[in-house]
Amino acid sequence: MPVKIDPFHAISISRLAHRLRAEGRSVIHMEFGQPSTGAPAAAIDAAHRILDTDGMGYWESPGLKARIATYYGETYGVAVDPERVILTCGASPAFVLALSCLFSPGARIALARPGYVAYRNTLKALHLVPVELACGDAERFQITAAAVERLDPAPEGLIIASPANPTGTIIPPEELKALADVCKRRGIALVSDEIYHGLSYTRAAESMLQHAPNALVVNSFSKYFSMAGWRLGWLIVPETLIDAARARMGNLFLTPPSLAQHAGLIAFDCREELEGHLKTYARNRELLLKALPQMGLRRIAPPDGAFYIYADVGHLTNDSLAFCEALLRDTGVAVAPGLDFDPVDGHGFIRLSFAVSTDLVEEAIRRIKPWFAARTLDAAGALHIEEHAGE
Ligand SMILES: Cc1ncc(COP(=O)(O)O)c(C=O)c1O
């Protein structure tokens with residue numbers, strides 16, 4: 001029997017948002033985790049030129065592999081041989097490669113809940129067993145070494161993400177090290193999703209490779225580089241897994257798009273433009289962190305990185321999908337339901353993506369402020385009636 005995979009519920013919100021827009025409504029898209037900016041200008045210029053001269057066959061760019069390897073030295077002080085870099089069509093296939101290189105069907109893989117929806121579903125699709133660890137605001141929604149230590153029996157694998165989706169929290173260096181230690185001691189293979197590296201506001205995120213040289217590290221051009229639709233990413237594997245990973249990439253996906261690889265190499269040299277996006281996100285984050293508590297949304301983990309705010313709306317709803325639909329219909333602001341990230345406790349959460357312009361964030365705040373005020377009054381009224389119902 002094929003395994004059942006849940007859809008992204010944010011897609012149904014996005015579909016509704018597009019329908020409303022087609023009906024002439026003004027919609028602000030904060031439901032998906034993608035930059036509203038395009039690829040860096042120089043990368044686009046290069047792509048135009050290359051289109052006229054390159055045959056676009058199957059291809060792996062040696063220059064890009066070397067550039068990515070150099071990036072690990074420059075950024076984290078970690079030496080990576082370019083042969084350990086597997087170019088992929090984004091982080092999503094990189095996960096498929098990593099998981100299928102490491103595990104056999106039935107293997108138990110630990111991960112944080114809340115977490116990126118595709119982890120759970122990719123594991124299931126590969127006949128692996130997600131072991132979800134509930135992570136609340138006390139541990140800033142992140143897995144701790146202590147929680148991994150308590151797992152009995154030990155899982156075969158652990159997926160971590162720092163900065164995380166949906167919360168943006170970063171695992172501090174000492175905790176990363178503790179996670180690396182417990183995994184080494186208990187024989188747990190580590191997969192580290194570092195797709196939001198480069199996007200941090202409080203502290204730079206360390207790579208798991210600084211603590212666990214054999215960890216498999218996933219990264220992509222979709223977030224910091226603002227190239228989600230170009231479908232380009234990479235996986236760093238230890239030397240022992242190079243052949244296994246290359247065989248899987250070749251058989252399952254062949255190569256990433258040639259044009260994207262050419263453009264990706266240029267994007268590495270577009271720091272000024274990309275840092276400009278980061279400044280916009282930092283402004284947006286500040287605006288939301290100021291505005292949301294004024295709307296009664298006080299239980300949020302201030303995001304260290306990425307471009308999300310995961311906010312507790314449990315005092316207003318226990319159906320985050322219906323809540324997001326109502327918010328969208330009433331205000332034209334689309335956000336993602338917590339249900340996507342946490343099937344157990346996500347009914348009372350929403351995720352706002354602030355990878356849009358500051359003007360749009362300001363406009364979204366203007367629209368949702370009175371909406372939340374009215375909801376909060378309604379909820380207080382309902383509570384009052386309930387309290388007095390038995391009198
Ligand atoms: C945490 C995380 N990992 C991986 C991905 C997949 O990214 P890609 O576009 O590189 O496949 C996403 C996309 O939103 C994400 O949030």
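Where in the chain is His127 found? His127 sits in the loop between helix 5 and strand 4. The model is predicted, and in this model the phi of His127 is near 60°, a positive value in a residue other than glycine. Most residues other than glycine have a negative phi, and most peptide bonds are trans.

**Backbone exceptions**

Two cis peptide bonds can be described alongside His127. One joins Arg113 and Pro114, with omega about 15°. Pro114 belongs to the loop between strand 3 and helix 5. The other runs from Ser162 to Pro163, and its omega is near 0°. Pro163 is placed in the loop between strand 5 and helix 7, the latter spanning 173-186.

**Overall dimensions**

The protein chain contains 12 helices and 11 strands. A compact globule of 391 residues would have a radius of gyration near 21 Å, and the protein chain agrees because its own value is 21 Å. Along the principal axes, the C-alpha atoms of the protein chain fill a box of roughly 70 × 55 × 45 Å.

**The seven-stranded sheet**

Seven strands make up an open sheet with mixed pairing, in the order 2-8-7-6-5-3-4. Its edges are strand 2 (85-88) and strand 4 (129-134), each of which pairs on one side only. From one strand to the next, the twist averages 20°. At one end of the order, strand 2 pairs with strand 8 (residues 233-236) in the antiparallel sense over four bridges. Within this pair, Leu87 has Trp234 of strand 8 as its bridge partner.

**The four-stranded sheet**

An open sheet of four strands follows the order 1-10-11-9, again with mixed pairing. Strand 1 (28-30) and strand 9 (308-312) are the edge strands, pairing on one side only. Neighbouring strands in this sheet are turned by 30° against each other on average, direction ignored. Helix 1 (residues 9-22) packs on the sheet and touches strand 1 and strand 10; the direction of helix 1 makes about 165° with that of strand 10.

Which strand pairs with strand 10 in the antiparallel sense over two bridges? The partner of strand 10 (residues 333-337) in that pairing is strand 11 (residues 349-353). Pro337 stands opposite Ile350, a residue of strand 11. Helix 11 (residues 320-331) also packs on the sheet, in contact with strand 10 and strand 11, and its direction makes about 175° with that of strand 10.

**Pocket and cavities**

Rolling a probe the size of a water molecule over the atoms shows where empty space is left. The largest pocket has a volume of about 540 Å³. It is lined by 32 residues, and the closest to its centre are Phe8, Gly33, Tyr116, Asn165 and Lys223. Helix 4 (91-102) and helix 5 (117-125) each contribute at least two residues to the lining of this pocket.

How many cavities of 30 Å³ or more does a search of the whole structure find? The search finds two. About 100 Å³ of space lies in the largest cavity. Its lining consists of 13 residues, with Ala112, Pro114, Tyr119, Gln142 and Ala161 nearest the centre. Pro114, one of these residues, is also the proline of the cis bond with Arg113. Strand 3 (108-113) and strand 5 (157-161) are the elements that give two or more residues to this lining. Strand 5 gives the most, with three residues.

The second largest cavity holds about 30 Å³ of space. The residues lining it are Ile160, Ala161, Ser162, Leu176, Ser192, Asp193, Glu194, His197 and Glu206. Here the elements giving two or more residues are strand 5 and strand 6, the latter at 189-193. Ala161 lines the second largest cavity and is among the residues nearest the centre of the largest cavity. Ser162 lines the second largest cavity and takes part in the cis bond to Pro163.

The linings divide by residue class as follows.

| Space | Nonpolar | Polar | Charged |
|---|---|---|---|
| Largest pocket | 19 residues | seven residues | six residues |
| Largest cavity | 10 residues | three residues | no residues |
| Second largest cavity | three residues | three residues | three residues |

The lining of the largest cavity has no charged residues, whereas that of the second largest cavity has three.

Definitions and conventions: Residues are numbered from 1 along each chain as its sequence is written. This is a predicted model: local features need pLDDT of at least 70, side-chain atom pairs count only at pLDDT 80 or more; totals for chains, interfaces and linings use all residues. Side-chain values use heavy atoms; hydrogens and water are left out. Two strands pair if DSSP finds at least two bridges between them. Axes are lines fitted to C-alpha atoms, for helices over the stretch in contact, and angles run from 0 to 180 degrees between N-to-C directions. Contact means heavy atoms within 4.5 Å. On a 1 Å grid over the protein atoms alone, a cavity is a set of points where a 1.4 Å probe fits but cannot get out, and a pocket is an open set with protein on both sides within 12 Å along at least five of seven lines; lining residues have an atom within 4 Å of a point. Grid points are joined across faces, edges and corners, and a volume is the space filled by probe spheres set on the points. Ala, Val, Leu, Ile, Met, Phe, Trp, Tyr, Cys and Pro count as nonpolar, Asp, Glu, Lys and Arg as charged, and the others, Gly among them, as polar. The radius of gyration is taken over C-alpha atoms; the globule rule is 2.2 Å times the number of residues to the power 0.38.
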